Amino acid sequence: MTSDIKKLKELYPEVIDYQSLGQTQYGREIWAVKLGHGDATLFINGSHHAREWITTTLSMNMIQQYAKSYYGNENLEGYQVRNLLNDVTIWFVPMVNPDGVTLQQQGIEAFPGEVHNKLIEMNNDNTDFTRWKANASGVDLNRNYDVQWETIPENDADQSWAFHKGSEPFSTTETQIIRDFTEKINPMMVLAYHTSGQKLYWHYNHESYHFDRDKKIAQTIENYTGYPIDRPKGSPSGGTYTDWFIQEYLRPAFTLELNEYVEDRHVPVENFPSIWKKNKLVPLYAAQESYQIWTNRQQKLALDEEVYLTSQTTLFQSPRGQATQLNLTPQPVKATAVKGDWFQIKTFAGDMWIRDDFTQLTPKEKVDESIQLAHKTRLYEHPSYHSKIVSSLASQTVRAKAKWGDWYLIKTWIGDYWVKPQ
């Protein structure tokens, strides 16, 4: 996994970055992979449980396929991946529990000799670690978050291969790292991948004002995956990451169980193609919804600024709402408000919204500087090659009063016009 993360960064440097969030008790890095550039964030994690490492395989494949689509500017079954990843940053922690995964896959030989006996003891004196779920300290990480931790049922009082919730909430390095990283990236939504039962968990003490929103998202994920929504009955198990996130952030979080129950072992690799087919679009949909949540949270601020449309621009009734059938040709417009990366503008049809994607509009910057025109240079009505050409100037030095990207607004004997010096 570590090697593949580094290779993916080399292949797709424009859209992928990564960082270590810290090391486990046994010195293994917990990696976070950043995919995209947007201010809105989505967080996806896998392998909280050691034997559930196929969730890491799924996360890594998502990173690779989405980055490939970004570079190719491809439409992935209706999702414009490049546009989406310019709106949203998807953060992945593909393997929350690298010590546990290593123990489950390689056994005690991957650990110092002085802890072999302790590891075997926590595994009920068994040297086969196929069933192992916990981290290498015998704590079930998905029971170690501070949410109904005191009332977790069926807790093993001693450190064990599974079902031990720890001495207190966040008693492990791994859960502390995920808690702190969650606070740092402030995700609008979370997807936590697990493997057993083909279920979709989403509901934890939802308040009425976000119940309908989150249920709608859950139903859409159910439609994509075929995983039935778990209908809440009684008290939740407690200690889980997604329940903790919902409790602390009041935003949607979903636990997806990828496969039918396979007893106490890992999911066979030959099941992966089916898992990928069911889940490949879920993060793209979740990213789309994360951007909507982020946009809704942004404060609408009054503005009084002239901006320039440099290509034909679609008008919207509201930010991220349904597009109208109306378009504006390249021209200056008056922006009266901003909300996130949307501008409200005055139009012939009343107040409308347009998206600031840094190719369609931007405010001009006031300057006072000399510009050398080395060649005969055209004068444009607006800072765009699509704009009307008014005249041209011979090679000379001119005075610029404003700047927009590589364009300059200059004063001429026939008025103020835009040039782009070569």
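The following dialogue explains why certain terms apply to this predicted model.

Mentor: This is a predicted model, in which local features need pLDDT of at least 70 and side-chain atom pairs count only at pLDDT 80 or more, while totals for chains, interfaces and linings use all residues. Residues are numbered from 1 along each chain as its sequence is written, and side-chain values use heavy atoms, with hydrogens and water left out.

Trainee: What makes β1 and β8 edge strands of the open sheet?

Mentor: The sheet has seven strands in the order β1-β2-β6-β3-β7-β9-β8, with mixed pairing. β1 (16-23) and β8 (200-201) each pair on one side only, and they are the edge strands. Strands here are DSSP runs of E with at least two residues, and helices are runs of H or I with at least four, numbered from the N terminus.

Trainee: How do you know that β1 and β2 pair?

Mentor: Two strands pair if DSSP finds at least two bridges between them. Six bridges join β1 to β2 (residues 29-35), and the two strands run antiparallel; therefore they count as paired. S20 stands opposite W31 in β2.

Trainee: Which strands form a hairpin with β13 or pair with it?

Mentor: β13 (residues 331-339) is joined to β10 (residues 301-309) by seven bridges, in antiparallel fashion. Four bridges pair β13 with β14 (residues 342-347), also in the antiparallel sense. β13 and β14 form the hairpin, with two residues between them, and G340 in the turn has a positive phi of about 65°. K339 stands opposite W342 in β14.

Trainee: Why is α6 called oblique to α8?

Mentor: The axes of α6 (residues 173-185) and α8 (residues 241-249) come within 12 Å and cross at roughly 40°. Axes are lines fitted to C-alpha atoms, for helices over the stretch in contact, and angles run from 0 to 180 degrees between N-to-C directions. Under 35 degrees counts as roughly parallel, over 145 as roughly antiparallel, 65 to 115 as roughly perpendicular and the rest as oblique. The crossing angle therefore makes α6 oblique to α8. I178, R179, T182 and E183 of α6 meet Y241, W244, F245 and Y249 of α8, where contact means heavy atoms within 4.5 Å.

Trainee: What makes R51 and D264 a salt bridge?

Mentor: The term requires a side-chain nitrogen of Lys or Arg within 4 Å of a carboxyl oxygen of Asp or Glu. For R51 and D264 the N to O distance is 3.5 Å, so the pair qualifies. These residues lie 213 residues apart, R51 in the loop between β3 (40-45) and α2 (54-72) and D264 in the loop between β9 (253-259) and α9 (272-279). By this rule the count comes to 14 salt bridges.
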